[in-house]
Structures are given as C-alpha cells and as structure tokens.
Amino acid sequence: MTRLSSSFFFTLREAPAEAVAVSHKLLLRAGYIRPLAGTAGLYAYGPLMQRVLQKVGRIVREEMDATGAQEALFCQLQPAEIWKESGRWTVYTQDGTMFTLKDGQGEQAREYGLGPTHEEAVCDFVRASLNSYKQLPFHLYQVQTKFRNEKRPRFGLMRGREFIMKDGYSFHATPESLDETYRAMYRAYTNMFRRCGLDFRAVEADSGAIGGSGSHEFMALCDIGEDTILYCDAAGYAANVEKAVSLVSDPEAIGSGSYAVKPTPGIRTVEQQAAMLGVPISRIVKNIVYVALYAEADPRPVLVSIRGDRHINETKLKNRLDCLDVRLATEVELAAWVGVKPGFVGPDAPIAGVIRLADRSVDGLTDFSTGCNQDDVQCVWANWGENGLVLPEVTDLDTAQAGDRCHLAPEAALQSARGVELGHIFKLGAKYSRPMQVLFADEAGELQPALMGCYGVGVSRLPAAVVEQSHDNDGILWPIAIAPYQLVLVPANVAVEAQRQAAEELYRTLSAAGIDTLLDDRPERAGVKFKDADLIGIPLRVTLGRDLEAGLVEIKVRGGGEAQKVPLAEALAQIK
Ligand code: ATP
Ligand code: MG
Ligand code: MG
Ligand code: MG
C-alpha cells in the first residue's frame, strides 16, 4: 500500500543526455534508478525499482526452490587465497574484472577481492563438511550483489559494476546427476523468464572464463544486445555466435551433398587445398577444417586442411601447417584423437575424422601451438566413396554466420539477432572442486572431486531487458508479474471530497483483496497523474472522476484500448 502524497516520488521530463538505451532512459526518467554521484555502472535502486527487483527475486526463488535448490548467502569480501587455490586470482586481477583491496598496510596486510562470482566461496563452504556420496546431490543458491569492474559499464542496469545476480552451485557424485540438475535448471530458467514476460531464447554458449564443458545462455532478444545469436526456427537450433556451427554453405564450393577428397599422400598447402576445391583461399582459411586422411598404401594420416580457432589468420594457419609438416600424427595418435582403437581406421572402415582443435594448451600434441586432447575432439565419420574419401557435410565449427545453412535442417538458413544475456547455466565438472579439494568418498570409499554445475541470472539486468522489450512512447509497460504495483488508483481531483473518499475506500478494498495498489492522492491535475502513471508503467489505472456522481469509475489497461466505465460496485470484480 502506497500513497503518492506521502512518498518520495519524482519523474523527469527528459532523460539525461548520456542515456542511450531506452530502458536506461525510461528507468531514469520514471525515477526507478539514480546513478551514484554520476558514476558509470553504479546505481541506487529507488523504492519503485526495489519493488520490481523483489518481484523478480520472488519468481526466481520460487522456480529455484521448486527444483529443490536451497537459498544461502555467501561472503562478498573474499580472501585472495581461495582465488589463488582455484587458479583464478591472476586471471581476474590482471584483466581487472575483480575489485581488490587490502585490510591494512605493509607486509602483514591481507588481500581480498569483491566477489564477481562465487565458485571459490561456495567450494570453501562445502568442502569443510562434505564427506560422503550420500550427501550428494545438493544445490545452493543466493541472490546477492556482485562486483565487476566492467570496462564498459553502460546502458544503465544492463551492465553495471555493482549488480544483483542469482547464482547457484550444484554438487554431484555422477555426471548423470549433474545432467539431471542441469536439465532442471534449463526448465526453471525457461519458466522464470516466461513468467517475467520476456521474449528470449536459450542458446548454446561458450563457457568463457568460468569454464566447464556444457553451457547455455538465455538471451533476451533486443537491438541493443551486445551478443549476437544465430538461430534456425525450423531446426529449433540457437547458439551464441561464438559457439554457433553451420554447414559450409557455399553450394558451388562444396557441393550440395557430401563432397569427396582424393586421398593423396603428403600435405597440401592452403593454396593447393583451395585450388583442389575450387574455392578462394579466404574460404579455406575461414573454414579451417582439420581433416586427417589415410592413403591406402600409407598408414600415416595426411592432413588436408585445418580448422582451428576463429582468431586464426592466414599466416598462423600456414605456420600451423608447417608444424604439421614436421610432425605428422601417427595412426595411434589419430585413433586416439577420434576415439577409436588403432587398426579400426582403414580403407574398409570409417577412416577419417574431422577434428576440432580446441583453444587449449597442448596435451596430446607437443610442439603444436593449439593442440587438442581427446576430450576436446569432435569427430565426424567419413567413408570411402568412388572418388576417394567422402566426408559428411562439413560443419563450420567456428565461423558460422547469418545466411549459412543450419547443420540440423538442410534447406534452412541461420538467422541472426541481437541478444542480452539474462542467464547462463554451466556444467563445471571438477574444474573448481579438484583444485579446491571439494572431495567426497564414493561407494568404494575412494575420494573423488564433486562434480559441479553453476547457474546465474542477472536479477537487476532482467527488468532492464523487460523495459527494452516492453515500452511505448509514453513510458514503460510492465508485465503484471513484475510491475511495482498492479494498479494505480487516481482520484482526478482530491479537492473533491466525494472522489477522495471513494478513492480511499476503494484503495482499502483493493489492498485487502491482495492487489498491489498505488494511490495517487497528490493534489495534481489528472493529466499530470495520468502521464506519470503511464511513464512508470502501472498495468491498470482506475480513475475516479466526474462520473462518480453517476456511480461510475474508469478502468484503463496500460497499452490497451480505450478506458471503460464501470459501476464502482463492480470495479473490484472487473479488476480481478
Ligand atoms: P556478459 O556476457 O553480459 O558480460 P557474463 O557472461 O559475464 O555476462 P555471467 O558470468 O554468466 O555473466 O553471469 C551471470 C549473469 O549475470 C549474466 O547472464 C547476466 O545476466 C548477469 N550479468 C553479468 N554481468 C553483469 C553486469 N555487469 N551487470 C548486470 N548484470 C550482469
Ligand atoms: Mg561479462
Ligand atoms: Mg556472457
Ligand atoms: Mg555468461
């Protein structure tokens, strides 16, 4: 229950010039947020914003609790030691993401970081009391302020240096158990963002600095999004551009179906490979495929071309081929990379792999700047055809772009859209639990690192994404589930006693019926109140004006059609 006459309430006619994004402008103009001392990325949440955040928080908590996750609260001020244990202190301090501080002067002073994310803190909490597989699985989450020294804090709540995140961390004894929770989180996130009225997509994503094996981002579609997603509705496929794959799409270059490569012993240069396929070098360089072939008479694989990370340029590629020249992989190595036994590969069997090189340090391949180990290998089987090796259509592992064919639905093309990351779920595996010794005894009594998942939602970013998607010329259009108030009650003229009294009475009735009601009892003109109500985006407006003499009130849906006049006695039923 809130009366505007006794509230600290302000709206601005114009948004400050530095605000570019619609959500930033509207949240400032409508008095939801204020920058602290004009500092980029630091915002105070006013009373209206706090109500929105609480509603978002409630939805997030309900969906998390429904999966069996438990809410906790971890420290924001984190000793450097735990970050050194996980190996992330250097990464996060060198790139400047983490705000660091000391608790004193001189050698004795201890170093701390303000939590940009909480894997370390949660691992430290759990390891002290985790003993047996019988305690697993469990999932702890928190809703809390995070600190990140973003290089480009902008768009208001979209990218703050202090912002609210829901972050959850699950612990498991088996990969199957992790998978199960991951799927449950995928569903929970889908529910959350739906309930908040967002237009979003779940996309396959890179795991980034957090690390781990599998990850999905939940992206709100909007033009100011800093991420690009590629999707194909026909195939139900969507991925962040960093992760997206496509079929090599130039039908003239590759042929519309499979294409054949004659297995010639020796290594082709990029130029030779381009000439052989009849495509420009740029195409080969762009679609760097690492195809290992066996010549019939030669047990050694012949490397035809190579596809690696997206940052590769022609010179790097040539260097890489030079590397390969001096170090041919053996059959055993190849077999290991593509995950089959030596001897299985050969002319009568599937014989080649398309090997994805990971951006990882060398493991199986020495002297090779970007090597791959078995975990990182992706392979596509090929067969001997009449003209030699027939590769399945080659997926473009790193350089997919809009217009490319989707690898899951042939004739369908990938489309691109801009997205804002609302949430991110990861399978971390033992990435943190191993270095931080979060161990449990398995059924055989052996100590194992717990397998982890982690799951984040940008709680304060989310309402900004909603505003991006849901506004008009007059202001914000909140979905009712997260609007600060569901209804604003406007006595058109509080100097008219009948209006004031009827408003007070209806206010009490609505509030008692559990409807979040804002009473605009300010001694302002009705037009001013309407403008403010539209700007702050309250979904329903009930006006008590002159028609009250005839026993009527006016109900208007924000962003909907004309106002309706209904008898005061029926107003509550209509509103419900
Ligand atoms: P981004 O790609 O936008 O920088 P991120 O991948 O660094 O986000 P995560 O580490 O995955 O973010 O954190 C989980 C969630 O926290 C994100 O999905 C996003 O919604 C939110 N988030 C991250 N950084 C910010 C920020 N600076 N301001 C507001 N919300 C943020
Ligand atoms: Mg980031
Ligand atoms: Mg991201
Ligand atoms: Mg992320």
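**Exercise 1. Find the residue of β31 that stands opposite Arg541, then place its strand in the sheet.**

Start with the residue pair: Arg541 faces Lys556 in β31. This is a predicted model, in which local features need pLDDT of at least 70, side-chain atom pairs count only at pLDDT 80 or more, and totals for chains, interfaces and linings use all residues. Residues are numbered from 1 along each chain as its sequence is written, while chains are lettered from A and ligands numbered from 1 in the order in which they are written.

Next, the strands. β30 (residues 540-544) and β31 (residues 552-557) run antiparallel, paired over 4 bridges. Strands here are DSSP runs of E, at least two residues, and helices are runs of H or I, at least four, all numbered from the N terminus. Pairing takes at least two DSSP bridges between two strands.

Now zoom out: the open sheet has 6 strands, ordered β1-β29-β28-β30-β31-β32, with mixed pairing. β1 (2-3) and β32 (564-567) have a single partner strand each, so at these edges one side has no neighbour in the sheet.

**Exercise 2. Work out which residues come nearest to ligand 1 and which strands supply its shell.**

Take the neighbours: 17 residues surround the ligand, and Phe163, His424, Gly456, Gly458 and Arg461 come nearest. Being near means a C-beta atom, placed from the backbone, within 6 Å.

Then sort by strand. β9 (162-172), β22 (415-429) and β25 (451-458) give at least two residues each, and β22 has the largest share, with 4 residues.

Finally, sort by class: the shell holds 4 nonpolar, 8 polar and 5 charged residues. (Ala, Val, Leu, Ile, Met, Phe, Trp, Tyr, Cys and Pro are nonpolar; Asp, Glu, Lys and Arg are charged; the others, Gly among them, are polar.)

**Exercise 3. Decide how enclosed helix α5 is, and say what its buried residues pack against.**

Count burial: 7 of the 9 residues in α5 (residues 119-127) are buried, so the rest of the structure largely encloses this helix. The cut-off for buried is 20 or more other C-beta atoms within 10 Å; exposed means 12 or fewer, and partly exposed is in between.

Name them: Glu119, Glu120, Ala121, Val122, Cys123, Asp124 and Val126. These residues pack against β5 (77-79), α3 (80-86), β8 (138-147), β9 and β25, where contact means C-beta atoms, placed from the backbone, within 7 Å.

Follow the chain onward. The loop between α5 and β8 contains Pro137, and the Leu136 to Pro137 peptide bond is cis, with omega near -5 degrees.

**Exercise 4. Buried or exposed: classify Phe155 and Gln437.**

Check the backbone. Phe155 has phi near 60 degrees, positive despite not being glycine; Gln437, also not a glycine, has a positive phi of about 60 degrees.

Locate both: Phe155 is in the loop between β8 and β9, and Gln437 is in the one between β22 and β23 (439-441).

Count neighbours. Phe155 has 24 C-beta neighbours inside 10 Å, so it is buried, whereas Gln437 has 12 and is therefore exposed.

**Exercise 5. Find where the pLDDT drops below 50.**

Get the overall picture: the protein chain averages a pLDDT of 79, with 72% of residues at 70 or more. (pLDDT is the predictor's per-residue confidence, from 0 to 100.)

Then pick out the weak stretches. Residues 249-271 fall below 50, with 57 contacts beyond near neighbours in sequence. Residues 281-394 also fall below 50, with 207 such contacts. Coordinates predicted at low pLDDT should not be read in detail.

How values were computed: Two residues are in contact if their C-beta atoms, placed from the backbone, lie within 7 Å.
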